[in-house]
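Colleague: Before I plan around this protein, could we go through its aromatic residues and one of its sheets, step by step?

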Amino acid sequence: MTIEYLKTGKPASERADDDAKTRASVEAILADIEARGDAAVRELSEKFDAYSPPSFKLSAAEIDELMAQLTPREMADIRFAQEQVRNFAQAQRDSMLDIEVETMPGVILGHKNIPVQSVGCYVPGGKFPMVASAHMSVATASVAKVPRIIACTPPFKGKPNPAVIAAMHLGGAHEIYVMGGIQAVGAMAIGTDTIEPVHMIVGPGNAYVAEAKRQLFGRVGIDLFAGPTETMVIADDTVDAEICATDLLGQAEHGYNSPAVLLTNSRKLADTTLTEIDRILEILPTADTAKVSWEDYGEVILCDTYDEMLTVADDIASEHVQVMTDRDDWFLEKMTCYGALFLGARTNVANGDKVIGTNHTLPTKKAGRYTGGLWVGKFLKTHSYQKILTDEAAAEIGAYGSRLCMLEGFVGHAEQCNLRVRRYGGINVPYGTGAPAQEAAE
């Protein structure tokens, strides 16, 4: 097995230092929001976004005024994208069934899928107005029938972005706030005098937003750790350097710390892609961002075999994995750790990000090892219930329960079972003992 790194990014130790600084900063800011509420949120907004409106919450009139600034074509495009997201989310929701089964005579078990009762959707927008993120979180929560959906997005160039606000409103947000970063996530999760806290926070964001969600998890639910964008291109000689370089840089432009990895078994493709990346960075309008991200976080990994490529890909567990090989379906069958797959040269991550219908809020930093991305099921809680309908079932289950409780030393638990055995089975179980097996069977 030969795996060769033709290009690497920052050492892991430097990335760990960056993470530690982020953790400390986020912890201090969340504590400030907890202590001072709205005052802290306003100061943070002024500091980070130079934005301090009379109210961070948009009124219906303000929403209408912002939406009126969009062209009919822009509104139609937003509606089209939301329709794709809603259609797929609805198909996913329809696959999730409430169940009720009789597991033995007189014993009924079941579960119900109940929406989370309030959700805060964070929609990034400080560097780029992330219109699509509103579809992915707000519209999907709406399909799940979440009763209260609030949405936050930072100001874009000093004011609300009309397209983002339109997407939030059309997606079904009940409350819309123009707030960014840690202050938005903290305000939604912790609550202030003017914002009632929610039960769950969802949505992507930069490293600070992801860290805020991590620290708040437990106090509220979160969808997943969705930090800076990651992309991986798995390619062989069936594609060329232009498409590989374009797809890598297309995601590297997200931010200064967006990992982009080329994984290939073709040295020629690896070398020509490196050259093509240099060429594109000379003409790419967002090169100031993409170049830093590529230099610090870009990697080119050369393998001998497809099996080696599979092993490396599952180890990295990238958020976006674009597969362009002579065996794309083989990777679909074999890969186990990733955010989302994009199969074939006709498919690309940008379509998944913006319009195709799958959700673009996906696990990063190897979280694809234990979770998938945001989907309608994340907004639903599966709650079980049980009921015993007959005296015979109550006595039989109670006898087993009694003995198993005593096996663990839980006498009070056992007495809950024994009471039913006596009452519904007519069996005299001495207090503080397990029900006799023979009598329970009778």
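Colleague: How many aromatic pairs does a search of the whole structure find?

Modeller: Please keep in mind that this is a predicted model. Searching the whole structure for aromatic pairs gives a total of three.

Colleague: How are the rings of Tyr306 and Phe331 arranged, given their centres and planes?

Modeller: The pair links distant parts of the chain, since Tyr306 belongs to helix α12 and Phe331 to helix α13, 25 residues apart. Their ring centres lie 6.5 Å apart, and planes over 60 degrees apart count as edge-to-face. The planes of Tyr306 and Phe331 stand at 65 degrees, so this pair is edge-to-face.

Colleague: Is Trp330 buried, exposed or partly exposed?

Modeller: Trp330 forms an edge-to-face pair with Phe331, at 5.0 Å centre to centre and 90 degrees between the planes, and Tyr306, Trp330 and Phe331 form one aromatic cluster. Phe331 is buried, with a relative accessible area of 0%. Buried means under 20% and exposed over 50%, so Trp330, with a relative accessible area of 22%, is partly exposed.

Colleague: Which strands stand at the edges of the open sheet β2-β3-β14, and why?

Modeller: The three strands follow the order β2-β3-β14 with antiparallel pairing. Each edge strand has a single partner, so one side of it is left without a neighbour in the sheet, and the strands in that position are β2 (99–104) and β14 (380–388).

Colleague: Which helix packs on this sheet?

Modeller: The helix touches β2, β3 and β14, and its direction makes about 110 degrees with that of β14. Spanning residues 391–408, this is helix α15.

Technical notes:
Residues numbered from 1 in each chain as written. Predicted model: local features only at pLDDT ≥ 70, side-chain atom pairs only at ≥ 80, totals over all residues. Heavy atoms only, no water. Pairing = 2+ DSSP bridges. Helix = DSSP H or I, 4+ residues; strand = E, 2+ residues; numbered from the N terminus. Contact = heavy atoms within 4.5 Å. Axes fitted to C-alpha atoms, helices over the stretch in contact; angles between N-to-C directions. Phe/Tyr/Trp six-rings, centres within 6.5 Å; stacked < 30°, edge-to-face > 60°. Buried < 20%, exposed > 50% of the residue type's maximum accessible area, 1.4 Å probe, protein only.
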